Amino acid sequence: MGANKSKKTKLRGGSKHSEEQLGEYQAKFKILFENVCSGVAIYEARNDGEDFIFVDFNPAAEQIEHIKKEELIGKSVTEVFPGVKQFGLFDVFKRVYKTGTPEYHPISVYKDERIAGWRENHVYRLPSGQIVAVYDDVSTRKRTELVARMTDQCFRAIADYTYDWEVWIGPPGRVLWTNPAAQRVTGYSIKEIMAMSDYPSSIIYEQDRDRIERAFHSALKGSTGNDVQFRIVRKDGRVIWAEMSWQPIYDDSGGSLGHRESIRDITARKEAEEALEKAKVKK
């Protein structure tokens with residue numbers, strides 16, 4: 001009798017302990033659910049996974065979707081977010097509900113008549129059978145990436161197809177970038193130009209070298225120059241005339257990024273000028 005009483009007391013004590021643990025777990029979950037930065041939506045499956053009804057929606061999700069929890073609880077996800085099937089997330093819900101295997105729905109654009117944006121989702125099935133979607137609005141990040149990509153594409157379109165030879169020289173004096181016109185003007189490939197440790201001296205005609213080296217060092221100190229003429233010795237040994245302008249480059253905070261050189265082949269112009277001078281002399 002005494003043993004049975006003792007056993008019942010232990011069972012009641014164990015039950016109380018389990019209830020305390022459950023209460024503590026629920027309190028922690030509530031804190032996490034209400035304060036996590038990601039959106040969290042919990043759904044109840046209906047008709048064996050043919051539809052999903054909102055049962056909870058955290059504050060972060062309210063902020064992301066610009067809708068209050070009270071407006072969607074008890075409603076179908078397709079009613080509140082009519083673009084969910086086209087978005088591809090509805091099929092993820094169905095698979096996760098059937099298999100219990102978590103799935104990642106990669107960054108995609110969600111849109112309907114009310115909202116639009118880039119979303120990234122992770123979907124899980126709870127032991128209760130409910131479906132949880134943990135997701136983030138990555139629209140700002142994607143817009144930044146797209147702007148950066150477009151900026152880079154615009155830069156490449158302008159720089160790579162500019163007829164003049166464009167060179168970006170870093171503060172230490174090494175070539176950081178050059179456009180394809182480098183090979184047309186000098187005969188050297190982009191790779192060869194960028195590997196030159198003594199640029200520009202190695203490609204400057206000897207009689208012009210001291211003058212251009214002084215201009216180069218002046219450019220490294222932040223000067224600006226226009227229409228400086230000099231001769232280049234091409235890779236094939238042919239000497240051509242060139243004209244160069246340069247200007248300093250700075251970052252948003254005013255720090256030096258080096259300078260940019262714009263160089264054009266003026267050999268045809270110089271030859272025409274020489275021919276004109278000779279014609280005048282003959283007269």
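In this predicted model, Ile169 has His259 as its bridge partner in β10. Ile169 closes strand β6, which covers residues 165-169. Strands β6 and β10 run antiparallel and are joined by 5 bridges.

**Strand β6 and its partners**

How many residues of β6 are buried? The count is 4 of the 5, so the strand is largely enclosed by the rest of the structure. Being buried here means having under 20% relative accessible area.

Strand β6 also pairs with β7, residues 175-178. These two strands are antiparallel and share 3 bridges. Within that pairing, Val167 is bridged to Thr178 of β7. The two strands make a hairpin with 5 residues between them. In this hairpin, Gly173 takes a positive phi near 105°.

**Strands β8, β9 and β10**

Strand β10 covers residues 256-265. Besides β6, β10 is joined to β9, with 9 bridges in an antiparallel arrangement. Here Ile249 is bridged to Gly258 of β10. Strand β9 spans residues 239-250 and pairs with β8, residues 225-233. That pairing is antiparallel too, over 7 bridges. Gly225 finds its bridge partner in Trp246 of β9.

Both pairings of β9 are hairpins. With β8, there are 5 residues between the strands, and Gly237 in the turn has a positive phi of about 95°. With β10, there are again 5 residues between, and Gly254 in the turn has a positive phi of about 90°.

The table sets out the three hairpins.

| Strands | Residues between strands | Glycine and its phi |
|---|---|---|
| β6 and β7 | 5 residues | Gly173, near 105° |
| β8 and β9 | 5 residues | Gly237, about 95° |
| β9 and β10 | 5 residues | Gly254, about 90° |

**Two nonpolar cores**

In soluble globular proteins, nonpolar side chains tend to be buried together. The largest nonpolar core in this model has 26 residues. Which of them touch the most other members? They are Tyr43, Phe54, Phe57, Val77, Phe81 and Phe93. At least two residues of this core come from each of β1, β2 (51-57), α2 (59-65), α3 (77-80), α4, α5 (89-99) and β5. Helix α5 gives the largest share, 5 residues.

Take Val77 as an example. Setting aside its neighbours within four places in sequence, Val77 is in contact with Tyr43, Phe52, Phe54, Pro82, Val84, Phe90 and Phe93. Another core, of 25 residues, lies apart from the largest one. Among its members are Trp165, Ile212, Trp246 and Ile263. Trp246 has already appeared as the bridge partner of Gly225.

**Two cavities**

Rolling a probe the size of a water molecule over the atoms shows where empty space is left. How many cavities of 30 Å³ or more does the structure hold? There are 2.

The largest cavity has a volume of about 160 Å³. It is lined by 14 residues, and those closest to its centre are Tyr43, Glu65, Phe81, Leu89 and Tyr135. Tyr43 and Phe81 also belong to the largest nonpolar core. By class, this lining has 11 nonpolar, 1 polar and 2 charged residues. At least two lining residues come from each of β1 (39-46), α4 (84-87), β4 (116-125) and β5 (131-137).

The second largest cavity has a volume of about 40 Å³. Its lining includes Trp165, Tyr199, Ile212, Phe230, Met244, Glu261 and Ile263. Trp165, Ile212 and Ile263 are also members of the core of 25 residues. By class, this lining has 11 nonpolar, no polar and 1 charged residue. Helix α9 (206-220), β8 and β10 each supply at least two of its residues.

**A loop residue**

Is Ser128 buried or exposed? Ser128 is exposed, with a relative accessible area of 53%. This serine is found in the loop between β4 and β5. Ser128 and Glu44 are 84 residues apart in sequence, yet their C-alpha atoms are 9.3 Å apart in space.

**The whole protein**

The protein has 283 residues, of which 36% count as buried. Its secondary structure comes to 10 helices and 10 strands. Consider the contacts between residues at least 6 apart in sequence: 42% of them join residues at least 24 apart.

Technical notes:
Residues numbered from 1 in each chain as written. Predicted model: local features only at pLDDT ≥ 70, side-chain atom pairs only at ≥ 80, totals over all residues. Heavy atoms only, no water. Pairing = 2+ DSSP bridges. 1 Å grid on protein atoms, 1.4 Å probe; cavity = no way out; pocket = protein on both sides within 12 Å on 5 of 7 lines; lining within 4 Å. Points joined across faces, edges and corners; volume = space filled by probe spheres on them. Nonpolar A, V, L, I, M, F, W, Y, C, P; charged D, E, K, R; others polar. Buried < 20%, exposed > 50% of the residue type's maximum accessible area, 1.4 Å probe, protein only. Core = buried A, V, L, I, M, F, W, Y, C linked by side-chain atoms within 4.5 Å. Contact = heavy atoms within 4.5 Å.
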